[in-house]
Each structure stands twice: as structure tokens, then as C-alpha cells.
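Trainee: I have the sequence and the model open, and I would love some help finding my way around. Could we go through it together, one question at a time?

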Amino acid sequence: MTRILHRAIRTALPVAVGGRGVELFDADGNAYIDASGGAAVSCLGHGHPDVLASMHAQIDRLAYAHTGFFTSEAAEELADRLIAEAPAGLSHAYLVCGGSEAIEAALKMARQYFVEKGEPQRRHIIARRQSYHGNTLGALAAGGNEWRRAQFKPLLIETHHIDPCYAYRLQDGSESDEAYAARAAQQLEDKILELGAGEVIAFVAETVVGATSGAVPPVADYFKRIRAICDRYGVLLILDEVMCGMGRTGTLHACEQEGVAPDIMTLAKGLGGGYQPIGAVLLSRNIFEAFANGSGFFQHGHTYMGHPMAAAAALAVQEVVRRDNLLGNVVAMGDLLEHRLLDRFGNHHHVGDIRGRGLFRGIELVADRATKQPFGPDLKLNARIKKETMARGLMVYPMGGTIDGRLGDHVLLAPPFIVEREDIDRIVDRLGAAIDAAI
Ligand code: PLP
């Protein structure tokens, strides 16, 4: 009998004992193609020898030194690399242990920035419905997934939510992309004016929405309009690229494809590829200077932040991604994956939408393709798909999200950047068989 409080208490989990390339192995000898990289984490696959060598070298030198006393070579080098490749204006990196921690730090950084600037009246955070920013209380407050938030609401700081940019569900049939982008972004301006211009700290959004909606990219110009509205009211733009960042969509940062740069950006998952827990917050020079010229202190910190082992692992992962031109492979294999998904599911009665970028793809499952009617929660479709895919040696990330209080279902695919053509074929074949068995 296990003594671990697992996420799902009544489900017996297979025991993972090894991993090599795109596959994971369990104690019963089963192999699984990791077509979701866990939850869009394992960008280099498993057991990459160069990353392991770098981790070994680091642990031989230094495993840990508290960041209240020391910095480390690995952490400094990683910050240098992240900033050298960061969107314009981002000048410093704050290293943490994962995505939720990154969001917590980003929210506190944004609030402290305005306190340092003498604008303590700024107190509101605006985010989007159908979003996920992490499971700690601050990150959960920012998130807009009611299923995750409901029972914790009395403990959550007050945040305000507008609609996501979600063309499949929220764009009117007759509406152009341009008109929809304008309408969706206008919600932000309306919300800022409702709360009081000059009282809003930040707007938080995933550049390409991951866990709650299944790889939903924005329509063209949406983020340009969002950036302009933030600038108009002095509101900070926080882009959460914990899941969609670090190459997942084919460019290092997903916001490059939108032509915008945030004031604060959060990263995790693909940063360390799962070899170590690590996240980062990249912040603008303005924010850094407000701290440097003000209190001289960021009022935050965790015991394991800037961990040398995590930094060494992330550096090695990022080195391999560049050296082996894996972003090129993300684009090529991402295109192939899209084509294969369209071939297999393009006319499927229960597939309403196929979307995404690079190796970040989602399909939305519906009871009726013509009406877009979701299945609803009673079918427990995500659990069924997980069971059927695992039985076929495939890991995908199936989720139910909330759409106007109803549940919608999708499957997220985020295979490692080293994936090859035959892997893509095997992934789509197995997924097709699993979905047909589950519905
Ligand atoms: N932000 C986004 C967009 C995420 O997808 C996630 C996790 O899925 C998080 C934040 C939280 O990251 P973590 O699970 O590392 O705390």
C-alpha cells in the first residue's frame, strides 16, 4: 500500500522505472511514447546523455549554496543566456523551482514595482477565464479555471477575469479575425476602466493557452492590441510562457510570433526539460531599476531558488536545443503532426477543432461537430482517453476545460523536440484508436 498521497487516490499508477529518447518504461516492461512530454515538460525526451553529464559535473563541484549568501556560476550563466535571448526590454532573470513559483514571484514583483514607484493604489490583477497559471494560492487566483478554483475561492486574492482569445468558441461566424481581435482585446480596456485607470497592476495571459484549452493560439493582432492597451494605462503585461515557451511553438518564445514583448515573462517546463525542477521570471529594466533605485530589495525568496543543479541541467538542455537545431525540428515535425492530425481527424464526427503551433497541438472533442456541443462532465472523457492511450503505449494530456460553465474536452500533444517522422505516425495512429475506443 502506497504511503504517497497521489493526485488521484483511487487510481493505481504504473511505476516508471526508466526513460530513453521519446519513450518511458514502467516496472511491468511496458513502453509509452511520451507524446505530451508529461505536461509539455520533457522537451529533450528522456535520458539525454549530454544533460546527464552536465548534471554529474555540477554535483561533483557544488550541489547547493543558499542564495542569501552566494550566487553560483551555473545560475549566473543561465541568467546570462536567458537574457541574451529574451524579448526586447527584459534585462534580468529571477530563478525559481517551477511554474507556480514563477507566477507567484511575477505577481509580487508587479505589485512591488508600483509600491516602489509611489503608486500603492494599484491593486488589481486582471487575467482570463479558461486559463491556468499554477496551483499555489496566488497563481490559482490569477487562473480562470473554475473547476480548479471553486473550493479554494474564500482563500484566493480577488482577481478579475475577461474572456480568453478563443476563436473556435468565441469568434462569431461572420466576424473577421481582425474584428474578433479588436472585440476580445477591448474587454481588457473595459475592465481597466471599470476598476479604475491607475488602479490596475497587471494583465496576465498565456501567449498560447495550454492546459485548460489545448494549445489555443491567439488570432493575429490580439496581443498587439493588448500591449497597446496596457501601455495606455501603465498596466504591466505578464506573459505566462511556462507551458508554451522555450521553443515549444517553434520560436524560443511564443510571443515572438505575436510581435510583442511583455514587461514580465514566466518560464518553466521546457526550460529544464524535466531534468530538474526549475522556472524563471524575466523582468524589464524598468522594473529592475525601480527596485535598484528604491528599496534595493525584492521582497521575496525561496530556499531552493537559483539551485545550481537545476541551473546546470537547464543550461545543458538549452545548449542541446541550440546545438542540434531542435527548433528547426519543432517546426518541421510540428507541421507534419498538424497534417497527420488533419488526415486522421479532419472529418471525425467528434473532433471540433485541430489547432496549435509547432509541437504544441490540441484537438477539441465535441459530442456534435456541427453544433460544437461539448460532451459534458458525466462521460469523464479525459479519464477514458487517458486509460485508452496508456493501454496503447501512448502518453497524451487530455483535459476538460470550462466554457461558460459547461465542460469542454481536449487532448494536448507536446512531444519532445527530438521526435521523428515514425514517432509522429505512431502517435497519431494510437491516438486515433484510443479516441475511437473511448467515445
Ligand atoms: N503556468 C502555466 C501556463 C502552466 O501550464 C502551468 C502548469 O501546467 C503553470 C503555470 C504551473 O507550473 P508548475 O506546475 O510548474 O507549478
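Mentor: Happily, and let's start with some vocabulary. A residue is called buried when 20 or more other C-beta atoms lie within 10 Å of its own, exposed when there are 12 or fewer, and partly exposed in between, with C-beta atoms placed from the backbone. Helices (H or I, at least four residues) and strands (E, at least two) are DSSP runs, numbered from the N terminus. This is a predicted model: local features need pLDDT of at least 70 and side-chain atom pairs count only at pLDDT 80 or more, while totals for chains, interfaces and linings use all residues. Residues are numbered from 1 along each chain as its sequence is written.

Trainee: How many residues of strand β10 (residues 279–284) are buried?

Mentor: Take the strand one face at a time. On one side sit G279, V281 and L283, on the other A280, L282 and S284, and all of them are buried. Strand β10 is therefore largely enclosed by the rest of the structure, and the count of its buried residues is 6 of the 6.

Trainee: Which residue of β10 is the bridge partner of M265?

Mentor: Strands count as paired if DSSP finds at least two bridges between them. Strand β9 (residues 264–267) runs antiparallel to β10, joined by 4 bridges, and strand β4 (residues 90–96) is also antiparallel to β10, with 6 bridges. In the β4 pairing, A93 stands opposite L282. In the β9 pairing, the partner of M265 is likewise L282.

Trainee: Which residues have the most contacts inside the largest nonpolar core?

Mentor: A nonpolar core here is a set of buried Ala, Val, Leu, Ile, Met, Phe, Trp, Tyr and Cys residues joined through C-beta atoms within 7 Å. In soluble globular proteins, nonpolar side chains tend to be buried together. The largest core has 139 residues, and those with the most contacts inside it are F203, A280 and V281.

Trainee: Where does this core lie relative to domain 1 and domain 2?

Mentor: The bounds, domain 1 (16–47 + 325–438) and domain 2 (53–323), come from an automatic or database domain assignment. Helix α11 (residues 308–323) supplies the core's largest share, 11 residues. Domain 1 and domain 2 both give residues to the core, so it lies between them.

Trainee: Which residues does A280 touch, not counting residues up to four places away in sequence?

Mentor: Contact means that two C-beta atoms, placed from the backbone, lie within 7 Å. With sequence neighbours up to four places away set aside, A280 touches L82, A93, Y94, L95, V96, A102, L267 and L271.  Of these, A93 is a residue that stands opposite L282 in β10.

Trainee: On the side of domain 1 that touches domain 2, how many residues are nonpolar, polar and charged?

Mentor: The C-alpha centres of the two domains lie 25 Å apart. Their contact takes 33 residues from domain 1 and 30 residues from domain 2. For the classes, Ala, Val, Leu, Ile, Met, Phe, Trp, Tyr, Cys and Pro count as nonpolar, Asp, Glu, Lys and Arg as charged, and the others, Gly among them, as polar. By class, the domain 1 side has 18 nonpolar, 10 polar and 5 charged residues.

Trainee: Which residues come nearest to the ligand?

Mentor: A residue is near a molecule if its C-beta atom, placed from the backbone, lies within 6 Å of it. By class, the shell has 7 nonpolar, 6 polar and 2 charged residues, and helix α4 (residues 99–116) gives the most to it, with 3 residues. Of the 15 residues around the ligand, the nearest are G98, G99, S100, G134 and V242.

Trainee: Which strands stand at the edges of the open sheet with β2 and β3?

Mentor: The sheet has 4 strands in the order β1-β2-β3-β13, with mixed pairing. Strand β2 (residues 23–26) pairs antiparallel with β3 over 3 bridges, while β3 (residues 31–34) runs parallel to β13, with 2 bridges. Each edge strand has a single partner, so one side of each is left without a neighbour in the sheet; these strands are β1 (16–20) and β13 (394–395).

Trainee: Is D423 buried or exposed?

Mentor: D423 belongs to helix α14 (residues 421–438). Its contacts, leaving aside neighbours within four places in sequence, are V22, I33 and P415. With 21 C-beta neighbours inside 10 Å, D423 counts as buried.
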